Amino acid sequence: MKLYTYFRSSAAYRVRIALNLKGLPYEMVPIHLSKSGGEQRKPEFVALNPQMRVPALALSSGDVITQSLAIIEYLDDVNPEPPLLPADALARAKVRAIAQIVACDIHPLNNLVVLQYLKHTMHHVQAEIDAWYHHWVIAGFSAIEAMIAPAPYACGAHVTLADVCLVPQVFNARRLKVPLDAFPKIVAVETACLKLAAFDKARPENQPDAE
Ligand SMILES: N[C@@H](CCC(=O)N[C@@H](CS)C(=O)NCC(=O)O)C(=O)O
């Protein structure tokens, strides 16, 4: 499999963690999101992912899957061990709820294209863009903090999709200097996860394209 990735992309980071947890071998193809106007806009990549975003996973069959949650659920379907979603329907829904706060409510508002739009099209100054970023992370993290009881992972004794989404979002929050003092449970989950080789190997600073 080939993973089209960018070291700093939190959506690609989610997929790297999932591939590592499953012990699946993959080749990384770095797509630089800002160099030369963004390699995600080059025709070769647009042919793979018309949405011009990473991650994209090319399978040995030639099929390409986009959208990190779709990729991760596919990997979980075809390689069920270790499972990233609990067997119990209610527990699955709770895991997905946390994953979706990150992937559907926080990340889309703070993605690079959104921040660039605020800057270059709406002409907001950097302080306003930073305030926007912080606002949406704090709103989402406040909800997650109230929903989890680290044990030591977000939803109990096993790593789930919730952790796979949460840890990269915490990386992003730290990079953009969001204060995390109000989120001790989220930070505890991050600490527990980063002790695992699958998470550590997926960290942005451990990628071949890291800058
Ligand atoms: N919902 C998508 C989000 C993918 C996404 O937005 N990726 C960002 C990097 S984290 C990207 O490629 N942005 C390209 C750009 O900003 O031009 C997913 O979960 O895969």
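This text follows the ligand site of a predicted model and then one residue of helix 1. Local features need pLDDT of at least 70 and side-chain atom pairs count only at pLDDT 80 or more, while totals for chains, interfaces and linings use all residues. Residues are numbered from 1 along each chain as its sequence is written, and side-chain values use heavy atoms, with hydrogens and water left out.

The ligand has 17 residues around it (a heavy atom within 4 Å). Gln-40, Val-54, Gln-67, Ser-68 and Asn-111 come nearest. By class, this shell holds seven nonpolar, seven polar and three charged residues; Ala, Val, Leu, Ile, Met, Phe, Trp, Tyr, Cys and Pro count as nonpolar, Asp, Glu, Lys and Arg as charged, and the others, Gly among them, as polar.

Oxygen atoms of the ligand lie 2.7 Å from a polar side-chain atom of Gln-40, 3.1 Å from one of Arg-53 and 3.3 Å from one of Arg-41. On its own the ligand has 510 Å² of accessible area (Shrake-Rupley method, 1.4 Å probe), and the protein covers 93% of that area.

Helix 1 (10-22) and helix 5 (112-121) are the elements that give two or more residues to the shell; helices are DSSP runs of H or I with at least four residues, numbered from the N terminus. Helix 1 gives the largest share, three residues.

Asn-20 also belongs to helix 1. Asn-20 counts as buried because its relative accessible area is 12%, where buried means under 20% with a 1.4 Å probe and protein chains only. The Asn-20 side chain reaches the backbone oxygen of Ala-198 at 3.0 Å.

Conventions
A polar contact is a pair of N or O atoms within 3.5 Å; within protein, one must be able to donate a hydrogen and the other to accept it, and residues adjacent in sequence count only if both atoms are side-chain atoms. Buried means under 20% relative accessible area, exposed over 50%, partly exposed in between (1.4 Å probe, protein chains only).
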